[in-house]
Structures are given as structure tokens and as C-alpha cells.
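Please open the model in your viewer and keep the sequence panel beside it. The stops below each begin with a selection and then describe what is found there.

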Amino acid sequence: MWILVLEKGFTYCGVNIKGLELQETSCHAAEAHRVDEIFEMAFEQQEHTRILSPNPHFGHILTPCTVVPVRLYSDARNVLSGIIDSHENLKHLKDDFVKVLVWMLVQYCYKKSKTWESPGSANRNKQESFPENQPSGAVKGSRALREEDSLSVDTVEDWTDDSDIFDFEPSSRTRDRKDPGHLGLTPKVHLSIPGSIETQSQDFLQEVSPEDKLNRTVVLGLPAVDKGKQPEVLPRVEFSCSYSELLSIPEEWRTAPVPSSKVSEMRQRFPEEWYHFVLSQLDFFHLQEKPSSLLTDLMEDKALKELYILGVLSCCFGLFGLDNAVPAPRHVFRAYTGGIPWSAGLDWLTGKPELFQLALKAFRYTFKLMLDKASLGPVENFRELVNYLEGYESDWYIGLVSDLEWQQAVLQEKPYLFSLGHDPSMGIYTGRVLTLQELLVQVGKLNAEAVRGQWANLSWELLYATNDDEERYSIQAHPALLRNLTVQAADPPLGYPVYSSQLLQLPLF
């Protein structure tokens with residue numbers, strides 16, 4: 001790291017920070033090794049602290065100054081072979097996913113309930129958020145848009161030959177279409193398919209005649225939509241506890257088209273003891289008046305448990321489908337990255353962006369839990385499992401390096417960051433962990449006249465002498481003058497620093 005003092009005064013100092021290359025090339029390694037020797041002799045070797053010894057680097061342009069503690073991230077990368085492809089680990093992945101999802105849904109509903117003071121106020125909030133005088137045309141219009149959206153060309157476009165459905169990394173078009181953050185926000189571009197009629201954009205759907213809609217449907221080969229069919233109305237849930245409404249999941253989150261046989265199967269697989277333990281950890285401090293048997297009443301409410309069974313089943317239906325097969329490492333990686341192959345369950349799940357984000361977050365937590373269990377040992381009890389999940393929530397960011405949230409987590413100084421990757425050339429899966437820690441950084445001062453002299457010679461050589469020789473004298477390694485590092489730290493186009501910051505004003509008092 002090269003720090004250049006641009007200006008300074010009595011109370012301020014303006015600096016420019018530049019990042020140089022690592023010690024990988026031979027020219028840089030020769031000079032960087034000399035810098036390491038000088039710092040080691042000045043700060044690390046204890047035998048030189050008691051005896052008076054001559055300086056073997058007399059005349060060097062670097063003068064050691066001090067050592068300062070700096071908070072920074074260590075980057076550790078490892079290969080996950082033997083963990084992600086273990087049949088035993090993948091076998092327990094689905095069961096752990098159900099537990100993590102139950103915990104996440106309960107925490108989501110509990111945080112949402114803090115805005116309510118009592119069940120009565122919850123009902124009032126519902127009525128205010130969904131007024132009865134809302135025009136029915138808006139609801140019908142939005143439903144019509146969703147129905148027309150299912151007939152758009154971009155749904156067929158994903159099956160063209162220019163996209164490989166067997167890629168590990170999801171394509172940009174599929175990612176944009178399935179990304180919940182862009183659902184309904186990004187304008188769609190309809191590309192023409194050879195042999196088909198031109199379709200109009202979504203903004204002009206209301207101007208298309210019914211005959212044109214019928215012709216477009218026939219050409220695309222998709223089934224017609226029954227306009228007169230009434231939407232399915234879910235029966236009202238009767239809770240045995242009046243406070244169960246506070247933990248009730250949204251109604252649209254339990255409308256996944258799953259057969260009743262799968263609902264019965266999920267009832268048998270549902271971790272009821274874990275569900276009761278998660279409920280017992282809630283405190284409800286935000287409620288002013290609450291009965292002493294509140295937690296017991298919530299645990300005994302069968303209707304509330306049925307809602308969570310349907311919510312968990314809906315997420316499993318979207319990520320894994322209806323089969324009970326052990327997921328392959330390929331499917332686990334694609335589910336982690338959000339590039340899950342299309343299915344009816346995934347189409348329903350992506351229509352609920354908030355639920356999709358919760359399910360994706362729960363799956364990433366489950367994958368990290370699988371790695372921790374493989375390296376640290378199995379989870380002994382529910383309390384330890386809750387500690388894992390609470391640690392993930394507070395101290396970790398578990399996602400992808402390409403996510404914007406990854407950069408935000410670094411700026412927020414999250415203690416730990418984890419990402420899953422894949423190397424297609426080697427056929428291996430990799431894990432990357434960033435750990436925030438404090439490290440002692442050695443600081444030295446360079447002779448200013450030596451640096452200005454080399455920069456002046458560089459300017460004369462390139463601009464006035466127009467020397468275009470790649471092996472020119474000014475870039476050759478010089479351990480005493482640090483010529484190579486000094487040339488690289490010059491301002492572009494003469495220099496080539498990897499990173500250069502703006503003017504940073506630092507207060508001195």
C-alpha cells in the first residue's frame with residue numbers, strides 16, 4: 001500500500017492511497033523482499049533490541065517508522081470435496097432445511113408482530129392495509145396482467161438454443177427473470193421468434209382485441225385461460241388462541257398447488273418438538289397485557305401449526321419439488337446461487353418475492369450448517385442449533401461474492417462472510433470465508449526526493465524521449481531505490497497502480 005501525502009496543515013492532512021501488485025512477479029518480489037527484511041529487522045527480531053548493531057541497509061530510501069493495529073479481512077479458500085458430495089450430509093440437508101425454515105418463519109412473523117399491540121389492533125391494521133372501498137377493477141386488472149404475463153414470449157425465450165440449461169452458473173436472462181428484486185420492476189423486451197406473429201408490449205394489452213389474443217394463444221400453443229373462473233378463496237382459519245394471529249403467516253404464502261397426499265406426508269415429517277422449542281424462545285415483551293399461559297396456548301394451537309406446515313411445504317415444493325430424492329451437489333449449488341431449474345413450484349415461489357428471499361436465505365443457512373456439522377461435529381441439542389442460527393443472523397453474511405449485499409457487509413464490517421463457488425475446469429466446489437481480525441501493519445517513510453527524481457525521469461523518458469521499449473531501464477528492479485514499485489505508484493498513464501483513491505481529508509485532532 002502506497003500512501004501519498006498531497007497536502008497537510010495544522011489540523012488536517014490530505015492523502016491519496018494507492019494499491020500495488022502482490023509479490024508474485026520476480027521484479028516486485030526482489031524489492032518487496034528487501035522491504036520485508038528492513039521491517040523484520042526493525043520490529044520483529046528481538047536480538048537486535050539489546051545490542052548495538054550497525055545498519056546493513058544504510059542508504060536505503062525506506063525508513064521504518066511504527067507498527068499500527070489495523071482491522072482487515074483474511075481471505076481463506078478451501079475445497080469442499082468430501083463434504084458437499086457426501087451422501088450422508090446431503091441426506092440430512094432437507095431435514096435441516098425444514099428446521100431452519102421453521103425458525104426463520106417464526107422469527108419473521110414475530111418481528112412483524114412487534115408493530116401490533118394486541119390482536120384487536122392487528123385486525124385494524126389488516127383492515128387499514130386492505131380497505132373495502134378499493135375498486136375491484138384494480139384487482140381484476142392486476143389479475144389480468146398476471147394471466148397475460150404467462151402468455152408472453154419471454155417465457156418461451158428461455159428454452160431457445162442460445163442458453164445452456166445445464167450450466168452451473170445461471171444465465172443473466174434467467175437470473176433477471178427469476179430475481180425477486182426485479183419482479184415487476186424491469187420492463188420486458190419481447191423478442192420475435194421466427195415463424196410466429198409479433199406480440200405487443202404489456203402496456204398495450206388492453207387495446208388488443210379478443211380475437212387477436214385468441215390467435216396469439218393458438219400460435220404459441222399455450223392453453224386458453226378461463227376468464228370467468230373465480231379465484232379460489234381459502235377458508236378462514238379458526239385459532240384456538242387469540243394471540244396466534246400475531247404469528248400467522250400471510251395468506252398468499254400457503255396457496256401452493258400441492259396435492260393433499262404431500263400435505264399429509266409433511267405433517268409426519270414436520271419437526272413438532274423443534275417447532276415448540278422455537279415458540280418457547282419468544283418473549284413477547286412488546287405486549288403490554290398478555291396471559292401467563294401465552295406460550296403454552298400457542299404451542300397447543302393446531303391451526304397455527306397447520307399454517308406453518310403449509311408454509312414450509314410450499315417452500316420445499318419450490319426448491320426441491322415433490323420427490324423425496326436426495327439432492328445432488330449440482331442441485332445444491334444451483335439452489336444456493338438462486339439458479340434453480342424451472343418448475344411449477346418455483347414459478348409459484350418466485351411470485352412471492354419476500355417468501356422466496358426467506359427460503360433462499362434459509363437454504364444458505366442450511367448449507368453453512370452442513371459445513372459446520374461436517375467440520376465441528378453434529379449438533380447435540382436444540383439450544384446449540386439456535387445458537388448456530390442466531391450467530392449466522394448477527395455475525396455472518398452468507399451469500400455470493402457478486403451480490404451487492406456482500407459489498408455492503410464488508411463496509412458494515414461483518415465479522416464473517418461466506419460464499420460458495422464452483423470451478424468448472426477442475427469440477428470442484430469451493431468455499432470462501434472472510435474473517436475480520438486485527439493485524440499489526442508496519443509503516444515506513446520513503447525519501448521524498450528519491451521518489452520525485454524517479455518520477456521526473458519516468459516523465460522525461462516516456463513523454464520526451466518517447467521510449468517504448470518494454471525492458472527500459474526505469475522499470476528494472478532496484479532493491480535500494482525500489483524503482484519498480486515507485487514507477488508503478490506513479491499517476492496514470494505513466495504508472496499503473498491497481499487501486500487509487502480520491503483525496504481523503506483526515507483530521508489530525
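Begin by selecting Ser314, which is buried, with a relative accessible area of 3% (buried means under 20% relative accessible area, exposed over 50% and partly exposed in between, with a 1.4 Å probe and protein chains only). The coordinates are those of a predicted model, in which local features need pLDDT of at least 70 and side-chain atom pairs count only at pLDDT 80 or more, while totals for chains, interfaces and linings use all residues. Residues are numbered from 1 along each chain as its sequence is written, and side-chain values use heavy atoms, with hydrogens and water left out.

Ser314 sits in helix α12, residues 302–320; helices (H or I, at least four residues) and strands (E, at least two) are DSSP runs, numbered from the N terminus. If residues up to four places away in sequence are not counted, Ser314 touches Trp253, Arg254, Ala256 and Trp348, where contact means heavy atoms within 4.5 Å.

**From α12 to α3**

Keep α12 displayed and add helix α3, residues 93–113. Two packed helices are described by the angle between their axes and the distance between the axes. For α3 and α12, the axes come within 10 Å and cross at roughly 125°; axes here are lines fitted to C-alpha atoms, for helices over the stretch in contact, and angles run from 0 to 180 degrees between N-to-C directions. The two helices α3 and α12 are therefore oblique to each other, given that angles under 35 degrees count as roughly parallel, over 145 as roughly antiparallel, 65 to 115 as roughly perpendicular and the rest as oblique. The crossing of α3 past α12 is right-handed (a crossing is left-handed if the near helix is turned anticlockwise from the far one by less than a right angle, and right-handed if clockwise).

To display this contact, select Lys94, Phe97, Val98, Leu101, Val102, Leu105, Val106 and Cys109 on the α3 side, and Tyr308, Gly311, Val312, Cys315, Cys316, Leu319 and Phe320 on the α12 side. Coloured by class, the contact of α3 with α12 shows 13 nonpolar, one polar and one charged residues, where Ala, Val, Leu, Ile, Met, Phe, Trp, Tyr, Cys and Pro count as nonpolar, Asp, Glu, Lys and Arg as charged, and the others, Gly among them, as polar.

**Leu101, and on towards α15**

Now centre on Leu101 of helix α3, which is buried at a relative accessible area of 0%. Which residues does Leu101 touch, not counting residues up to four places away in sequence? They are Val312, Cys315, Leu358, Ala359 and Ala362. A C-alpha to C-alpha distance drawn from Leu101 to Phe363 gives 7.9 Å, for residues that are 262 apart in sequence.

Select helix α15 (residues 353–376) next, together with helix α13 (residues 329–337): these pack at an angle of about 130°, with their axes 9 Å apart. That angle makes α13 oblique to α15, and α13 passes α15 in a left-handed crossing. The residues to show are Val332, Ala335, Tyr336 and Thr337 of α13, with Leu360, Phe363, Arg364 and Phe367 of α15; this contact of α13 with α15 divides into six nonpolar, one polar and one charged.

**Salt bridges**

A search of the whole structure finds 14 salt bridges, a salt bridge being a side-chain nitrogen of Lys or Arg within 4 Å of a carboxyl oxygen of Asp or Glu. One of them joins the side chains of Lys373 and Asp96, at 2.9 Å from N to O. Because Lys373 lies in helix α15 and Asp96 in helix α3, the pair ties together parts that are 277 residues apart in sequence. Lys373 is partly exposed at 24% relative accessibility, whereas Asp96 is buried at 11%.

For a salt bridge inside a single helix, go to α1 (residues 26–44), where Glu37 and Arg34 lie three residues apart, about one turn of the helix. Their closest N and O atoms are 3.6 Å apart, and both residues are partly exposed, Glu37 with a relative accessible area of 30% and Arg34 with 26%.

**Last selection: His57**

Finally, select His57, in the loop between α1 and β3 (62–79). Is His57 buried or exposed? At 17% relative accessibility, His57 counts as buried. Leaving aside neighbours within four places in sequence, His57 is in contact with Arg34, Glu37, Ile38 and Met41.
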